[in-house]
Amino acid sequence: MPKFRIPDPRIPKLKRVGLFGGTFDPIHYGHLRAAEEARLLLPLDQVIFVPAALPPHKQGEPLSDPRHRLEMVERAVADNVYFSVSDVEIACLEKPSYTVQTVEYFLSRLSVELYCLMGLDSFREIETWKEYRRLLELCRVVVVTRPGLPGGGRVSCPPKLKPLFSSSLRDLDDPGKRIFILPVTGFEVSSTQIRSRARAGQSIRYLLPQEVEEYIEENGLYKSSGFKVQGSK
Ligand code: ATP
């Protein structure tokens, strides 16, 4: 059964909900701060983190067991009433699952406006996403800035999508504007960097919540023996 706690009993009326998909292997402060700033600036009533089972664009890459990735996100957001976690992609949808299906899943169950949060690196690949045109009809896409990307932080919207693009949140109520850029505090941290630091026995403190760091330690994640390509025996 999906584990998302929506509507959260502590928030009676949800109107604007953010979906933040990712592999979260592991979740870190870059994700959490971007979600927090998006929640405050848009504003959103709730941000639902949706760990991916087998991201279409990361197939064949090493990936921790979904159970661990889900648990790390649970721990990271446990103390925030505005953040929740859904295991819909891990437990329910076919794999690989696509964002458009996840969005449909939520819209069929919640009467809300959905805002799909993603980093600039993900947005740069949007034209490779399954049914991205339909995705943009179903929800708005909010692109958070991310430091350290190749080509710098330049936001280039594919020409075909330019009419849908706005750099001003004042256009949020314009039904024709579907893509927004949201400058957020830059944390030059990535899950890749954390994994390689953990593997090398280097400190990962202050790059991610302490609860997540402890979980990594307790479960021996990212040591070569505990980290294998998903789907391998
Ligand atoms: P990896 O290094 O394994 O590729 P990642 O750090 O990019 O992982 P993901 O789980 O793949 O993390 O990212 C989920 C989403 O969060 C993506 O849309 C990504 O662009 C965004 N994101 C990740 N890190 C940051 C960051 N430091 N600042 C802003 N957005 C981020």
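Tyr 222 is buried, at 0% relative accessibility. Here "buried" means under 20% relative accessible area, "exposed" means over 50%, and "partly exposed" is in between, all with a 1.4 Å probe and protein chains only. Keep in mind that this is a predicted model: local features need pLDDT of at least 70, side-chain atom pairs count only at pLDDT 80 or more, and totals for chains, interfaces and linings use all residues. Residues are numbered from 1 along each chain as its sequence is written, and side-chain values use heavy atoms, with hydrogens and water left out.

Back to Tyr 222, which sits in the segment after α8. Helices (H or I, at least four residues) and strands (E, at least two) are DSSP runs, numbered from the N terminus. What is the phi of Tyr 222 like? It is near 70°, a positive value in a residue other than glycine.

Most residues other than glycine have a negative phi, and most peptide bonds are trans. Phe 24 also has a positive phi, near 50°. Phe 24 is found in the loop between β1 and α1, and with a relative accessible area of 1% Phe 24 counts as buried.

Now for the cis peptide bonds, with where each proline is found:

| Peptide bond | Omega | Place of the proline |
|---|---|---|
| Asp 25 to Pro 26 | near 5° | loop between β1 (16-22) and α1 (29-41) |
| Leu 42 to Pro 43 | about -20° | loop between α1 and β2 (46-51) |

On to the cysteines. A disulfide is a covalent bond between the sulfur atoms of two cysteines. In this model a disulfide is counted when a pair of cysteine sulfur atoms lies within 2.5 Å. How many disulfides does the structure hold? It holds zero. Cys 139, for one, is in no disulfide: the nearest cysteine sulfur, that of Cys 116, is 4.4 Å away. Cys 139 is buried, with a relative accessible area of 1%, and Cys 157 is buried as well, at 7%.

Finally, the surface. Asp 79, Glu 211, Glu 214, Glu 217 and Glu 218 form a negative surface patch. Patches are made of residues with over 30% relative accessible area and no salt bridge, with like charges joined within 9 Å and nonpolar side chains (Val, Leu, Ile, Met, Phe, Trp, Tyr) within 5 Å. A salt bridge is a side-chain nitrogen of Lys or Arg within 4 Å of a carboxyl oxygen of Asp or Glu. One member of the patch, Glu 214, lies in helix α8 (residues 210-219). Glu 214 is partly exposed, with a relative accessible area of 38%.

Key. Areas by Shrake-Rupley, 256 points an atom, 1.4 Å probe, with all protein chains shown as cover. Lys, Arg positive; Asp, Glu negative; His and termini not counted. Charge placed at Lys NZ, Arg CZ, Asp CG, Glu CD.
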